[in-house]
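Work through the exercises below with the model open. Try each task before reading its solution.

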Amino acid sequence: MAAPCWRPCWRWSTNSANTSLFVAVWRFYCRSVSYSTLSLGRPSWSSSPRNQGRPSALPTQMNQKTLNFTSSVSGHKSQSLYPTLQFFCCRTLHSDAKLKDPFMLAQKDLKSLYDDIKKELFVSKVELKSLCDYYFDGKGKAIRPMIVVLMARALNIHSNKAGDLLPGQRAIAMISEMIHTASLVHDDVIDGSDQRRGKRTINEVWGEKKAILAGDFILSAASMALARIGNNTVIKVLSQVIEDLVRGEFMQLGSKENENERFKHYLEKTFKKTASLIANSCKAVSILVNSDPDVHEIAYQYGKNVGIAFQLVDDVLDFTSRPSQLGKPSAADLKLGLATGPVLFACQQFPELHAMIMRRFSYNGDVDRAWQYVLQSDGVQQTNYLAQHYCQEAIRQISMLRPSPERDALIRLTEMVLTRDK
């Protein structure tokens with residue numbers, strides 16, 4: 001199977017309205033992405049027949065162009081000539097290339113996922129069991145365990161081992177879904193949400209106190225499963241996820257007056273609340289099969305960049321999808337007083353939004369007006385462009401691994417993240 005060669009295509013416009021914010025975003029991005037000597041010096045693998053098992057120089061050249069671009073953007077001083085980035089991933093595939101469907105490749109390993117989780121949550125008390133099993137009904141997207149399974153298999157092949165999952169890797173996939181679901185239960189209590197995945201939330205059905213206890217119990221069961229893996233480094237890595245979730249939730253309660261600091265705050269919060277779980281889960285499965293810290297970093301950076309892109313798209317869907325598609329009310333973030341990417345970009349064209357952000361859209365009519373400003377601006381478009389760039393970086397990272405169907409499926413997954421509608 002041939003791997004895709006990705007080349008960046010840039011389109012430019014001189015929209016000075018978004019200048020200062022893009023400077024802030026790109027400076028933060030350049031700091032957050034690890035462009036170490038390792039990453040730039042490590043060649044990507046080509047899987048064309050004549051280059052089977054040998055590195056390809058093309059992606060390295062592409063990465064240097066990307067680096068030069070980001071350096072020139074962050075150092076640009078002229079606002080009137082500042083280019084608004086419009087990024088598109090153009091795939092050039094070898095004739096024998098065929099990217100695998102991530103869901104199909106991971107299906108076998110995920111088939112018993114929810115049954116295994118229910119075994120971990122087994123309790124004799126009927127009501128507690130009903131609470132804990134409520135979201136593990138097989139109707140979730142299971143994106144996180146799917147990424148973990150594919151990453152584990154790709155890393156196993158890269159490390160010259162069989163592609164089959166190790167027991168510890170399978171456990172990490174399960175734990176990632178348990179931690180994610182527990183965080184949803186707690187989030188719904190904090191936000192006062194009454195709908196999740198197209199049905200009533202646990203706090204709406206059983207009340208807030210029992211919902212909090214259910215979330216705690218799921219986390220405790222995940223911790224027990226983590227301890228049984230028996231690897232102290234893995235335990236430390238996944239424990240970081242819990243800390244990040246709490247810190248991210250506290251960050252969401254606050255805001256920044258300075259618009260540049262506000263976007264940095266938003267991206268850091270996005271990492272802690274969403275991307276940290278994916279990044280650290282990918283790193284954890286790499287630790288179990290490979291002792292090379294460089295490989296651990298590849299897995300981590302892929303998860304980090306895909307995770308941030310996933311949340312950016314999620315924030316866009318809050319403005320563009322119908323409630324029936326999302327499984328929750330639209331404009332939910334605005335109603336919670338949250339300024340996400342589309343709103344922050346829209347501020348550049350509608351300064352009236354600044355005051356609304358600082359009062360967390362609490363005045364009558366704030367939510368409706370902010371909604372209209374976002375739709376009249378290019379906030380949604382610019383947030384999508386930013387998500388595309390994070391996906392491009394995820395592809396750059398995963399392309400450093402040896403070719404395999406699972407690696408190529410992780411590349412295709414970035415496209416699915418960008419084009420999803422729920």
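The exercises go from confidence to fold, then to rings, cores and one buried acid.

This is a predicted model, in which local features need pLDDT of at least 70 and side-chain atom pairs count only at pLDDT 80 or more, while totals for chains, interfaces and linings use all residues. Residues are numbered from 1 along each chain as its sequence is written, and side-chain values use heavy atoms, with hydrogens and water left out.

**Exercise 1. Confidence**

Find the average pLDDT of the protein chain, and say where pLDDT is below 50 over residues at the start of the numbering.

Solution. pLDDT is the predictor's confidence in each residue, from 0 to 100. The protein chain averages 80, and 75% of the residues score at least 70. Over residues 1–19 the value is below 50, yet this stretch has 79 contacts (heavy atoms within 4.5 Å) beyond near neighbours in sequence. Residues 32–43 also stay under 50, with 34 contacts beyond four places in sequence. Where pLDDT is low, the predicted coordinates should not be read in detail.

**Exercise 2. Overall fold**

State how many helices and strands the protein chain has, and what share of its residues count as buried.

Solution. Count DSSP runs, numbered from the N terminus: helices are H or I of at least four residues, strands E of at least two. The protein chain has 20 helices and 6 strands. Next, take burial: buried is under 20% relative accessible area, exposed over 50%, partly exposed in between (1.4 Å probe, protein chains only). Of the 422 residues, 56% count as buried. Finally, among contacts between residues at least 6 apart in sequence, 78% join residues at least 24 apart.

**Exercise 3. Aromatic pairs**

Describe the geometry of the pair Tyr134 and Trp206, then that of Phe263 and Tyr266.

Solution. Rings of Phe, Tyr and Trp (its six-membered ring) pair if their centres lie within 6.5 Å; planes under 30 degrees apart are stacked, over 60 edge-to-face, the rest tilted. The structure holds 7 such pairs. Tyr134 and Trp206 are edge-to-face, at 5.3 Å centre to centre and 90 degrees between the planes. This pair links distant parts of the chain: Tyr134 is in the loop between α6 (126–133) and α7 (143–158), and Trp206 is in helix α9 (residues 202–206), 72 residues apart. Tyr134 counts as buried because its relative accessibility is 17%. Trp206, at 24%, counts as partly exposed. Phe263 and Tyr266 have ring centres 5.5 Å apart and planes at 90 degrees, so this pair is edge-to-face. Both lie in helix α12 (residues 259–287), 3 residues apart, about one turn of the helix. Phe263 is buried at 1%, and Tyr266 is buried at 2%.

**Exercise 4. Cores**

Identify the residues with the most contacts inside the largest nonpolar core.

Solution. A nonpolar core is a set of buried Ala, Val, Leu, Ile, Met, Phe, Trp, Tyr and Cys residues joined through side-chain atoms within 4.5 Å. The largest has 99 residues, and Ile147, Met151, Tyr302, Val343, Leu353, Phe361 and Leu410 have the most contacts inside it. Helix α13 (residues 293–320) gives the largest share, 14 residues. Apart from this core lies another, of 8 residues, including Tyr134 and Val189.

**Exercise 5. A buried acid**

Is Glu249 buried or exposed, and which residues does Glu249 touch?

Solution. Locate Glu249 in helix α11 (residues 232–253). Its relative accessibility is 11%, so Glu249 counts as buried. Not counting residues up to four places away in sequence, Glu249 touches Asp187, Ile190 and Lys273. The C-alpha atoms of Glu249 and Ile190 are separated by 9.3 Å, at 59 residues apart along the chain.
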